[in-house]
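Cysteine day in the notebook. I wanted to go through some of the cysteines one at a time and jot down what I found.

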Amino acid sequence: MCCAKSKSLIFIGLLFSCLGVIFSANTGFSVSVYDVTSRSIYLRWSKFSGAFSYRVTATAVNTVGHSLLAHFSDVTLKGTLTSLIPSTIYAIQAEAIDKNGITLAETQIMQSTAPDIPVIDQAYSKLSNSITVEWRAVPGATAYLLTAQDGESFIETVVTDSPGTVTGLKPATSYRITVRSINAGGRSQPSPFRKAKTVLAAPILSVRSPSCDSIAVSWKAVYMAVGFSVSLMRSDGLGRMLKENTTNTSLMFTNLDPGTLYTIKAYAWNVNGIPGDDFTYNQRTSPNAPADVQVALNSGALRAVVSWMPAEGALTYSVTASSGLLELKCNTSSVSCVVPSLQCSSEYYVSVTAYNDAGSSKPTDAVSLKTIPCAPVNISIEENEPGHLLVSWSSVNFGHYYVVFVKSDDGLEVHCNTSHTRCHFQSDCGFTYFISVFAYNSAGQSPLGDVFNYTTAPCCPSDLRAVAVAGDTVQVSWAPSRGAELYETRAAGGGVAMRCSGPAATCALSALRCGTSYRLTVCALSEARAASASCASADVATAPCSPEIKNISKEALSVISVHWQSNNEEATYIVTARGEAGPWHCTSSGNSCTLINLPCGSAFSVSAIARSAAGQSLPSYSVPLETAPCCPNDLTLTQVTQSVTNISWSVGTGAQTYIVTLESPKGQAKCHTLQNFCLLGCIMCGTNYTVSLKAISETGLTSSCTYQGYSSSACCPSGVKLYRLGSSGIRVYWRAPNEAISYCADLQGSKGNFTCSPSSGLRHCDITQIPCGDVYTVVVAPVTDKGLKHTFCPKKIYSVTCSGSSVGTVIYRGKSNMEKHI
């Protein structure tokens, strides 16, 4: 109702705002509507400065000749326009007038009046929480506001047309009812009221079915009620309706149909006999007991399958199976149920009860059920002598006869059927027999009881084999023995006894003495029975003992002798040197052997093993071996200056540092380096040297390497001078320590380059035509047999002046810049 009221008010506000349009110049003077009725419009306006009075004119928009004029003083800012026509739109003009009657400002709005006041035809109540109102329609009304007032409280409802209903009222209560009409302009004044009273509230029933053919109904007293009417009939419409009037608050209906759904309706009336609201309730009578109960035993699962004919109106069923103080139940909505967890060797009494939402039926007459016998207990198994088993057990209640099943672990099964409590069976070694005993009666076979197993002594192991796998270990194997869970292997020899055990048909006897003969014996064991009889033995010898390397000696550059302690008889020893260069071997039956052709600059790990018919020993501890580094294959000498020579060589495998020596009767030059080159100073010119090199490994092993001799270059001449020779010639003169050496003189100037070579044995040469007025660089160098000139002899600078067009004087200018820095 509140929601409907809010929606109608919003609707009214929207219509109001659409019509209340303000027409005003920008003068600050305005007028507004604050209330509207069917024949009145209530206005307020703003005070205007200088106004002596205010004039308001209302003119009907669609009605000819109907207008209204009203004057108000300057102290009045509110006014009411009355005697208007309902549901009519008016153009309202407000004017502010000064004391001379001149209009200072004016404004205009459009506003509709509310519809005319409705007239209620009748108001009445059919339900305890509502009153229905009927009225004549009002022209121009778009909705109506119904109001029900009870003292100071009231409830409003907006409806669109007649009739309309006000809800949310109190039962048996008198209300004043009014109606207002509504349009876009507002709402009318209330109509003349009508009184109406809500009817009585309905009694709230409490219903139950105490038996399958009766229904009991009760309720609480209802305010202002003087009597009650209660009716009952089948919900499917069959049969006749039962109706009772009473001033009490309870009734009992009997002789009803079991398990049937009934509809109960009740209402109260007041002192005037006016009935109030009615209350309807559906109630089902409780069901009859099921009929034709059948019980079947599922002997394998020890459970009973109970079935019956359905009872009318029953929703669920409960089955009860009782045996002494034990009671089992199962519940279902179908007409059969399985009662699980029955006990063997017992008698049960089974009954069924039907249920619905009204209650339960009486239980059916009990049906007797006898179960299968329990599994036999106190089972014992005896082996009085090998190959014969005796099985016995205690008798069982309800057991008519017994069957014993004996199944061996190879799948073979035999059985014994008897009315006594014992059976005899044959057995074999190494088998486990699984024995179960069942009791039988007319209901079937007993459940499976405890399954007993009996294991006979294991059979003797066979096909014994022994292999020595190391100096202290022998691998023993045999064919698996039937029934064996564990094997025990014993070894005796060398004054000691060893033992190992395990479930596998193999065993490794370790910690034996190497190079020793042992007697082996294997026995089969099981946890259930004693060990098998002793079986055949076998002899085995362990592998040789590991040799111990005592010494490694170097016999030659690539020959190594290895010495060890010989501690085996009739054994062959194999020595192996392993390294990046590959393995090298030598073999001996003594205590030493020689490894030959080992490569230089290599690292090896040397070990030895002993081998005999019994097998091979573990290797000895390895001993490291390093051969001397390799000599470089190539060595090159290059003379840099007259006293300095550069030497380079290829890398020697295994070498870390090198010592290079040039030696002659006149002296020695040496360098020690990590590189594969070095510079040797203090070289004597024209001298023959012996060249040697030492390659040294990281651990200090040394290889001495010799190479072809080296001769240093001839000495450069000294005392080089230039003399004028005639008018256009120059003589170059020098001093030489060796007359057998040939020399060559080079003069280089800006005007040309000149060369002269004297005959053998001479120490000067002439250049006959040379330009004067130039500076010359002069070099005199020895010439080799191949005609090559050395480039490292000193250079001198001379200035050759001119005297006219001929050579004037020769002036020494010093050494070249390069020579000064050498």
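Is C514 buried, exposed or partly exposed? I looked it up and got a relative accessible area of 24%, so C514 goes down as partly exposed. Note to self: this is a predicted model.

**Entry 1: the count.** I tallied the disulfides and wrote down 14 for the structure. I followed up a few of them below.

**Entry 2: C514 and C545.** I checked the partner of C514 and found a disulfide to C545, with the sulfur atoms 1.6 Å apart. Then I looked at the twist: the torsion about the S-S bond is about 95 degrees, so I logged this disulfide as right-handed. Next I asked myself what the pair ties together. C514 sits in the loop between β43 (506-509) and β44 (517-525), while C545 sits in the loop between β45 (538-541) and β46 (548-556), so the link ties together parts that are 31 residues apart in sequence. I also checked burial for the partner. C545 comes out at 14% relative accessibility, and because buried means under 20%, I count C545 as buried. C514, at 24%, is partly exposed.

**Entry 3: C586 and C593.** I found a disulfide here too, S to S 1.9 Å. Both ends went into my buried column: C586 has 8% relative accessibility, and C593 has a relative accessible area of 8%.

**Entry 4: C685 and C715.** I have these two joined by a disulfide, S to S 1.7 Å. The angle about the S-S bond is 85 degrees, and I noted the link as right-handed. Where do the two ends lie? C685 is in the loop between β58 (677-680) and β59 (688-696), and C715 is in the loop between β61 (710-711) and β62 (718-725), so the pair ties together parts 30 residues apart in sequence. I looked up burial as well, and C685 and C715 are both buried.

**Entry 5: C682.** I wondered why C682 has no bond to the closest cysteine sulfur. That sulfur belongs to C685 and is 13 Å from the sulfur of C682, which is too far for a bond, because a disulfide needs the two sulfurs within 2.5 Å. I then checked accessibility: C682 stands at 70%, so I put C682 down as exposed.

**Entry 6: C523.** I only looked up burial for this one. C523 has 11% relative accessibility, so C523 counts as buried.

Definitions and conventions
Residues are numbered from 1 along each chain as its sequence is written. This is a predicted model: local features need pLDDT of at least 70, side-chain atom pairs count only at pLDDT 80 or more; totals for chains, interfaces and linings use all residues. Side-chain values use heavy atoms; hydrogens and water are left out. Helices (H or I, at least four residues) and strands (E, at least two) are DSSP runs, numbered from the N terminus. Buried means under 20% relative accessible area, exposed over 50%, partly exposed in between (1.4 Å probe, protein chains only).
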